[in-house]
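Let's walk through this structure together, starting with its rings and then moving outward to the chain as a whole. Have the viewer open as you read.

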Amino acid sequence: TTPTVAVAACLGKDQLGKEAHRRLSTKGVRVDYIQFHDEWETGMATAILDENGDATYEFNTPAAWDGLTLEEKLSDLMISQNNEEQQSTTTR
């Protein structure tokens with residue numbers, strides 16, 4: 001069966017990006033909307049907790065996610081999802 005969950009993302013061609021892609025795929029997530037960036041590494045965030053447990057975040061930049069582009073197949077998916085939502089709203 002076709003997975004019902006898909007991820008649109010841009011990963012680096014580094015080990016982290018390859019592993020993220022592999023793990024998503026083995027969990028049954030559609031990965032056909034994942035892009036790979038030729039130059040930038042996979043994005044990563046580091047959470048730093050203060051004494052109260054409040055978090056601040058540091059992001060590596062530029063990162064592959066900055067290179068996500070709206071490809072035709074992703075645009076088509078978004079349009080079809082929007083149409084399905086509109087149809088389900090009008091049939092209620």
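**Rings, a glutamine and the fold**

The chain has 1 aromatic pair, where rings of Phe, Tyr and Trp (its six-membered ring) pair if their centres lie within 6.5 Å, with planes under 30 degrees apart counted as stacked, over 60 as edge-to-face and the rest as tilted. The partners are Phe59 and Trp65, set edge-to-face with 6.2 Å centre to centre and 70 degrees between the planes. This is a predicted model, in which local features need pLDDT of at least 70, side-chain atom pairs count only at pLDDT 80 or more, and totals for chains, interfaces and linings use all residues. Residues are numbered from 1 along each chain as its sequence is written, and side-chain values use heavy atoms, leaving out hydrogens and water.

Is Trp65 buried or exposed? Trp65 is partly exposed, because its relative accessible area is 37%, and the classes are buried under 20%, exposed over 50% and partly exposed in between (1.4 Å probe, protein chains only).

Now turn to Gln35, which sits in strand β2 (residues 34-37). With a relative accessible area of 8%, Gln35 is buried. A polar atom of its side chain lies 2.7 Å from the backbone oxygen of Thr69. Beyond its neighbours within four places in sequence, Gln35 has contacts (heavy atoms within 4.5 Å) with residues including Ala9, Leu11, Leu68 and Thr69.

Stepping back, the chain reads β-α-β-β-β-α along the sequence, with helices (H or I, at least four residues) and strands (E, at least two) taken as DSSP runs, numbered from the N terminus. Of its 92 residues, 18% are buried.

Note on methods: Polar contact = N/O pair within 3.5 Å; in protein donor to acceptor, adjacent residues only side chain to side chain.
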